[in-house]
Amino acid sequence: MNHLSTSRGSKLMRQLKYVSRCLPTYAWQRLTRTAPKGKAHLVIALADHFEPSSMPGEGSGFAPRDVQQQRIDTWCEAYPKNFADFRDHEGRPFTHTYFYPAEQYDRDLVQQVADLCHSGWGELEIHLHHGIDHPATEASTRRQLVSFRDALAHDHGCLSYEEGSRDPKYAFVHGNFALANCADGYACGVDNEMQILADTGCYVDMTYPTAAFHPAQIAKLNSLYECELPLDRRAPQSYGRDLHAGSPVNRFPFLVQGPLMLDFDRNSASGFGRLDNAALTGRNAPSLRRLDLWKKASITVGGRPDWLFIKLHTHGMDPVDRDNVLRAPMQQFLAALVNGAAERKEILHFVTAREMANIALAACDGREGNPGDYRDYRYKLGRGKRSVRPNSAAEMSAVAVRE
């Protein structure tokens with residue numbers, strides 16, 4: 001058998017494993033989940049796997065330091081200008097949560113992103129790639145997480161705290177999706193990674209869903225849940241108890257998944273449709289058509305069907321994806337989203353990862369009403385927080401004229 005045939009066979013096997021893992025759960029959800037009747041609160045967050053060193057193509061290495069600096073400069077200058085006028089129900093702008101890779105920490109670059117966040121344009125959280133060339137260890141993982149956590153909290157004024165605690169808390173996404181060694185040793189190697197996350201202050205994981213047909217995808221889909229298995233076991237996130245109103249979360253980190261839906265779009269490359277994993281990419285920009293799919297995933301806290309949680313993800317620094325999330329495609333989507341919300345019976349809440357987690361926890365504790373009231377319910381920003389909201393583009397122009 002030649003190399004091409006072997007490659008095709010391996011790809012087919014991966015796809016079959018993926019389908020056999022996900023299809024039963026997906027089919028059951030489509031049979032049992034229904035859209036909320038009447039008005040719905042859309043709680044929308046964008047988890048940005050924010051890697052200034054990104055180079056197009058797998059295994060392409062890292063961008064030079066000056067290129068990374070230029071990318072950050074462009075982003076920090078353009079983002080407030082481009083998105084100042086798109087506001088949610090509470091008057092909040094659409095922001096990113098910047099999951100910055102711990103293993104690529106650069107003090108000056110991170111400080112630029114932190115300054116952007118302190119001005120009201122998002123929040124910084126923790127991302128980690130490891131175990132690529134050889135399996136990571138418990139010690140190295142714990143050391144990387146603690147070191148980066150403390151740098152973000154103490155040097156950059158980021159991350160959050162619980163009342164009465166001096167220990168910083170954080171949200172997390174796993175590089176290459178291989179959380180707790182769930183991809184058979186690929187891109188991790190640490191079976192008890194979830195326990196390490198818990199020990200180091202992680203309260204929520206937002207890794208899932210993976211890329212289409214990725215070996216790290218688990219059978220649990222379209223859910224907000226706690227792990228049922230012991231956290232020191234391999235891939236305890238594979239099984240979990242769905243969050244429910246009136247039943248407080250007891251095991252942290254809990255998991256917030258983004259939508260994973262079949263999109264029967266005849267215009268797709270295959271001609272038969274595609275998987276929509278809520279990724280905003282260069283080839284798949286946000287749209288109201290996709291929004292309809294994300295809503296149909298019905299990711300909710302049980303007993304709160306009108307609070308829909310829509311966790312999107314992107315790689316904002318990837319040159320292939322950047323323009324779709326920084327410029328016209330995202331601007332056009334947000335304009336249509338905001339302007340048509342009332343007609344679609346939607347109440348919009350643009351949130352960070354932290355705020356989304358807080359709203360989910362409030363629902364579990366039996367809180368009702370407007371989910372936007374619970375952005376700071378349990379985990380509150382540390383000393384870098386500013387109380388003012390970023391101004392709209394018109395307000396910023398007026399200030400510039402006065403000055």
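**Exercise 1. Find which parts of the protein chain have the lowest and highest confidence.**

Start with the extremes: in the protein chain, helix α10 (residues 393–402) has the lowest confidence, with a mean of 43, while strand β9 (residues 254–256) has the highest, at 99. The score here is pLDDT, the predictor's confidence in each residue, running from 0 to 100. Helices (H or I, at least four residues) and strands (E, at least two) are DSSP runs, numbered from the N terminus.

Next, take the whole chain: its average pLDDT is 92, and 91% of the residues score at least 70. Then check the weak spots. Over residues 1–6 pLDDT stays under 50, and the model has 1 contact there beyond four places in sequence. Over residues 396–403 it also stays under 50, with 3 such contacts. Contact means heavy atoms within 4.5 Å.

A word on the ground rules: this is a predicted model, where local features need pLDDT of at least 70, side-chain atom pairs count only at pLDDT 80 or more, and totals for chains, interfaces and linings use all residues. Residues are numbered from 1 along each chain as its sequence is written, and side-chain values use heavy atoms, leaving out hydrogens and water.

**Exercise 2. Work out how the axes of helix α2 and helix α3 cross.**

Step one is what to look for: two packed helices are described by the angle between their axes and the distance between the axes. Axes are lines fitted to C-alpha atoms, for helices over the stretch in contact, and angles run from 0 to 180 degrees between N-to-C directions.

Step two, the values: the axes of α2 (residues 65–83) and α3 (residues 107–118) come within 10 Å and cross at roughly 5 degrees. So α2 is roughly parallel to α3 (angles under 35 degrees count as roughly parallel, over 145 as roughly antiparallel, 65 to 115 as roughly perpendicular and the rest as oblique).

Step three, the residues: among those meeting across the contact are Ile-72 and Trp-75 in α2, and Leu-109 and Val-113 in α3. The residues of this contact divide into 7 nonpolar, 3 polar and 3 charged. Ala, Val, Leu, Ile, Met, Phe, Trp, Tyr, Cys and Pro count as nonpolar, Asp, Glu, Lys and Arg as charged, and the others, Gly among them, as polar.

**Exercise 3. Decide whether Leu-255 is buried or exposed, and list its contacts.**

First, place Leu-255: strand β9 holds it. Its relative accessible area is 1%, so Leu-255 is buried (under 20% relative accessible area; exposed is over 50%, partly exposed in between, with a 1.4 Å probe and protein chains only).

Now its contacts. Leaving aside neighbours within four places in sequence, Leu-255 touches Leu-179, Met-194, Asp-205, Tyr-208, Ser-223, Leu-224, Tyr-225, Cys-227 and Gln-237.

**Exercise 4. Find which residues the cis peptide bonds join.**

One cis bond joins Tyr-208 and Pro-209, with omega about 5 degrees. Pro-209 sits in the loop between β6 (202–205) and β7 (224–227). Pro-209 is also one of the residues that His-313 touches, and His-313 belongs to strand β13 (residues 307–314). At 4% relative accessibility, His-313 is buried.

Another cis bond joins Phe-252 and Pro-253, with omega about 0 degrees. Pro-253 lies in the loop between β8 (240–242) and β9.
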